[in-house]
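Let's take a walk through this one together. Have the viewer open and follow along as we go from one part to the next.

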Amino acid sequence: LEMARQAAFVAGEELQQADDAMQTWQKAWDDFTNRAGDAKREAEVEQSRIRHLETSIERLAERANRLAKEAESLNTDPLAKEMAQLEEDMAACRARLEEAEQGTQTCQQTLSDQRQQNQQLSQRQDTLRDHLQQLSARRVSLEALQKSAMGDDGAISEWLTRHALAQQPRLSDLLDVEPGWEKAVEVVLGDALHGVCVKGFETLETWLGDLDHGKLFLFAPLAGKQDGGRLAGRVRGEQVPALLQSVRCADNLAAALALRASLAAGESVVTRDGLWLGADWLRVVREPEQTGLLERRHELESLHDLLAKAEAELVEVREQLAEGRERAAQLEQQREEKQQQSRRISHELSEFNAQKSAREVRFEQISMRRERLASELAEARELRQLEEDLLREARLTLGVALDAMEQDTGEREQLSSRRE
């Protein structure tokens, strides 16, 4: 019995030891199981993390590559060259526009000057026309007075024509009287001034037979010496009437009266103002205020010269005005062409401006896009570097977890063998 109790005691002790050992192993196994589970879970987490990081890094690499390619495709050099060329074209265009506008201004100024000159010529033309009308009217009036003074009702003119004397000069046309003595000559010669100058009177008897009525003066003066103190000396011409040789000259009535006592038979004396005295007679001619025949002839000759000069000047002014108007028309055409040229150049410059503005906008857009791409690329590279660092860290952590799991395998085998 003692032995049985002793054996039971021993058996109890061994059971207790076995139970203690089992508990110790169980605790060790539980601790191992927890550690091994942690290592496995950590390895699984890190593997999942590594896969995620690798995927993310791959996406970041693709994104960075895509951004780099897009940035490379966004080249602003061609646009910069185009804008530089457009700027050169615009500068040349502006120079041509300035030249065209300057040409337009010059043409306009020249046209204004030409129009002003044409206006002056037109005014001068009107003035000359009025002047010619006045001169012509005066000539007509004087010619009428001359014709009236001739006293020809047509019979004398017909007679002169029949005897081929119509073209012979009148005495008044051949006398060149010293200025101031016209009145004296007219008083002395009277109607004889209308006389017709002929070469002689040889055929006169046959001529006069068919003159029915009228007053006729014919002159066939003989050349003679002209005394400066006599009225003939105051007259120049090829045919000076002999009557003037017997007429002495005096400046006024007092001088004429002083000479009267010394007058020879047939002589007389005349003053500048037309007082004609003989030894025993005095003739005074006072007519209404009008010029005499000789003065009118002188005025007609002067009018003829003035008319010829005015007509020549009018012709010249008309030609100048016609040329000026043609020149103005040409200048207007040139101005229109210059203005059209300016408009064309302005349109061309506007197109250049539009093209340059469009390229500047495009250049700004590309520059801004390149800046954003550069920023995004730097951000992607930075994020990729960060995730690569995380990937290395995860791989290191995974390696540690795998080493721990390998150690756990040996320990598992040991614990399993201890349990057995």
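In which helix is Gln-385 found? It sits in helix α8, which covers residues 293-419. Keep in mind that what you're looking at is a predicted model. Gln-385 is partly exposed, with a relative accessible area of 40%. Now look for Leu-60: that residue is 325 residues away from Gln-385 along the chain, yet their C-alpha atoms are separated by 9.7 Å.

Another pair of this kind starts from helix α2, residues 77-150, where you'll find Gln-102. Like many a residue you might click on, this one has a number attached: its relative accessible area is 45%, and Gln-102 therefore counts as partly exposed. Its partner here is Lys-338, which is 236 residues off in sequence but 9.3 Å off in space, going C-alpha to C-alpha.

Let's zoom out for a moment. The protein chain has 8 helices and 8 strands. It runs to 420 residues, and 29% of them count as buried. The accessible surface adds up to about 27000 Å², with 50% of that belonging to carbon and sulfur atoms. As for contacts, take those between residues at least 6 apart in sequence: 71% of them join residues at least 24 apart.

Next stop, the sheet. Four strands make it up, in the order β5-β6-β7-β8; the sheet is open and its pairing is mixed. The edges are taken by β5 (247-250) and β8 (282-283), and each has a single partner strand, so one side of each is left without a neighbour in the sheet. Helix α5 packs on this sheet and touches β5, β6, β7 and β8, with its direction at about 140 degrees to that of β6. Inside the sheet, β6 (residues 268-271) and β7 (residues 276-277) pair in the antiparallel sense over 2 bridges. If you want a landmark there, Val-270 stands opposite Trp-276 in β7. A second helix to pick out is α7 (residues 253-260), which lies across β5, β6 and β7 and runs at about 140 degrees to β5.

Back to α5, residues 182-189. How many of its 8 residues are buried? The count is 7, so the helix is largely enclosed by the rest of the structure. The buried ones are Glu-182, Ala-184, Val-185, Glu-186, Val-187, Val-188 and Leu-189. Two glutamates are on that list, Glu-182 and Glu-186, alongside valines such as Val-185. Right after α5 comes Gly-190, with a positive phi near 55 degrees.

While Trp-276 is still on screen, check its ring. The structure holds 1 aromatic pair. Trp-276 and Trp-281 form it, in an edge-to-face arrangement with 5.1 Å from centre to centre and 80 degrees between the planes. Are both partners covered to a like degree? Trp-276 has 11% relative accessibility, so it counts as buried. Trp-281, with a relative accessible area of 37%, is partly exposed.Now for helix α3, residues 155-162. Which of its residues are buried? They are Ala-155, Ile-156, Trp-159 and Leu-160. These four cover an arc of only 130 degrees around the axis, which puts them on the same side of α3. The spacing fits a general rule: an α-helix has 3.6 residues a turn, so residues three or four places apart point the same way.

After α3 you reach Ala-164, in the loop that leads to α4 (171-174). Its phi is near 55 degrees, a positive value in a residue other than glycine. That's worth a second look, because most residues other than glycine have a negative phi. Is Ala-164 buried or exposed? At 63% relative accessibility, Ala-164 counts as exposed.

One last loop to visit: the one between β2 (196-197) and α6 (204-207), which is where Lys-199 sits. With 87% relative accessibility, Lys-199 counts as exposed. Its C-alpha atom is separated by 9.7 Å from that of Leu-218, and the two are 19 residues apart along the chain.

Key
Residues numbered from 1 in each chain as written. Predicted model: local features only at pLDDT ≥ 70, side-chain atom pairs only at ≥ 80, totals over all residues. Heavy atoms only, no water. Buried < 20%, exposed > 50% of the residue type's maximum accessible area, 1.4 Å probe, protein only. Arc of directions from axis to C-beta. Contact = heavy atoms within 4.5 Å. Areas by Shrake-Rupley, 256 points an atom, 1.4 Å probe, with all protein chains shown as cover. Pairing = 2+ DSSP bridges. Axes fitted to C-alpha atoms, helices over the stretch in contact; angles between N-to-C directions. Phe/Tyr/Trp six-rings, centres within 6.5 Å; stacked < 30°, edge-to-face > 60°.
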